[in-house]
Amino acid sequence: MTEKLRFGIIGCGVIGRLHAEAITGLPDAQLVAVADSIPERAQELAEKYHVKPYSDFHEMLACEQLDVVDICTPSGQHGEEAIQVMRSGRHVIVEKPMDISRKAIEEMLRVQQEAGVKLAVISQHRFDPVTREVHDLVEEQAFGRLVLGNAVIPWWRSQAYYDSGAWRGTWELDGGGVLMNQSIHSIDLLQWLMGPVKSVFAYTDILVHRMETEDVGVAVLRFANGALGTISATTGAYPGASTRIEIYGDKGSAVIEDDQLSYLHLARDDREEVGPYGTGAGKRAQRTETADKSAAQDPAALAIRSHALQIADMMRAIREDGTPLLDGYAAKHPVEIILAIYESARTHQEVTLS
Ligand SMILES: NC(=O)c1ccc[n+]([C@@H]2O[C@H](COP(=O)([O-])OP(=O)(O)OC[C@H]3O[C@@H](n4cnc5c(N)ncnc54)[C@H](O)[C@@H]3O)[C@@H](O)[C@H]2O)c1
């Protein structure tokens, strides 16, 4: 298949606009049409890229010749809409989270098999060069026995952000608060690097915003490999500080801070033995790139680079009849962890993942 793959987008809000930019920047992709239930949003995006606008995505599916459709609508709609797209015979890229319920996710996987199309779910930070480098080191067992893995997400979202869409911060359509919406990226990376989560115990609360779902949450994790870990997340930390993913093992440690490697020390690189008290500073990794404006402060400041890499990965999977790196089976894990965290916070019990 040498022709350009033809894309449509459903949802022309914050992230839909970024998908349009990412798709139009890829040489073998073509944006053909966009749909939003608010007609002016579809119109505005369509004018920018000289494509066809639709206010009803069903009509877009019926009228346009499309290979892939990107779903960029509120999270609680992802499953239902992805299913309609797949039943129409198109491949689908779904924004994170895959959906907010186990039932919807299982149905998406079932329909995907039935329709014989590809399904990818956005988790763009898996495509950050630094994340891949640390993942390669995990695969080489360079950290030795993994002991502790932490994700810290001290972000800020104003009340105006939550008021900017009726779906934000609701159980029905956001599926949760800071954990399901903002922290799913870091939770996905943590479990990708540390391995599957076996059980969680958690607290969540609403301390700063007027919203239904949590704006702060803390979870203690037990990984299947025996390591322990934590997740601490909030959208109430003004003005938003660095996101950190910390991986610690008995042969090395790594810290990813705002998508950059801020610390790496591996025993295998030591020229002399580290003493019995270890070393406080260790070897600092060079910062090779300037961080993109942090998503901790501004969701619209997300870099398109990693989105473009993930869309390109889906195109590779389509052309080779392979599997996208983030297929539905990979993407359901962070949602399952978050749902277990909510259950634990509700029941005050440790929750074991199946
Ligand atoms: N990967 C990331 O970094 C990232 C960043 C932001 C948002 N997201 C995800 O993207 C999704 C959308 O978030 P957002 O911030 O862009 O929201 P948004 O409210 O800015 O945009 C959603 C758009 O979908 C439209 N819409 C709703 N129902 C529709 C329907 N049935 N048909 C057509 N259009 C419809 C709305 O009118 C709106 O324009 C969420 O699931 C969110 O979690 C991902």
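Let's start with helix α6, residues 129-139, whose buried residues are V130, T131 and V134. Looking down the axis of α6, you'll see those buried residues fall within an arc of 100 degrees, so they line one face of the helix. Turn to the other side of α6 and you find D136 and E139, both exposed. Bear in mind as we go that this is a predicted model.

What covers the buried residues of α6? The cover includes the helix α8 (184-194), along with β11, β12 and β13 (260-266). And if you step just past the end of α6, Q141 takes a positive phi of about 60 degrees.

Two of those covering elements take us to K251. This lysine is found in the loop between β11 (244-249) and β12 (252-257). Is K251 buried or exposed? Somewhere in between: K251 is partly exposed, because there are 15 other C-beta atoms within 10 Å, and a residue needs 20 or more to be called buried, or 12 or fewer to be called exposed. Leaving aside neighbours within four places in sequence, K251 is in contact with A142, F143, G144, L266 and A267. We can also relate K251 back to our helix: K251 and V134 are 117 residues apart in sequence, and C-alpha to C-alpha they are 14 Å apart in space.

Now let's zoom out to the domains. The chain is divided in two, and each domain is made of two stretches: domain 1 takes 5-124 and 304-327, while domain 2 takes 126-297 and 335-347. Taken over C-alpha atoms, the centres of domain 1 and domain 2 are separated by 27 Å. How many residues are in contact between them? On the domain 1 side there are 17, and they meet 14 residues of domain 2. The elements giving two or more residues to that side of domain 1 are α5 (102-115) and α9 (305-320), with α9 providing the largest share, 3 residues. For those of you thinking about chemistry, the side of domain 1 that touches domain 2 has 8 nonpolar, 7 polar and 2 charged residues.

Last stop, the ligand. Which residues are closest to the ligand? They are G11, G13, V14, I15 and E95, out of 26 residues that surround it. Helix α1, residues 14-24, gives the largest share of the shell, with 3 residues. By class, the shell around the ligand has 12 nonpolar, 10 polar and 4 charged residues.

That's my tour, thanks everyone!

Note on methods:
Residues numbered from 1 in each chain as written. Predicted model: local features only at pLDDT ≥ 70, side-chain atom pairs only at ≥ 80, totals over all residues. Domains from an automatic or database assignment. Contact = placed C-beta atoms within 7 Å. Helix = DSSP H or I, 4+ residues; strand = E, 2+ residues; numbered from the N terminus. Nonpolar A, V, L, I, M, F, W, Y, C, P; charged D, E, K, R; others polar. Near = placed C-beta within 6 Å. Arc of directions from axis to C-beta.
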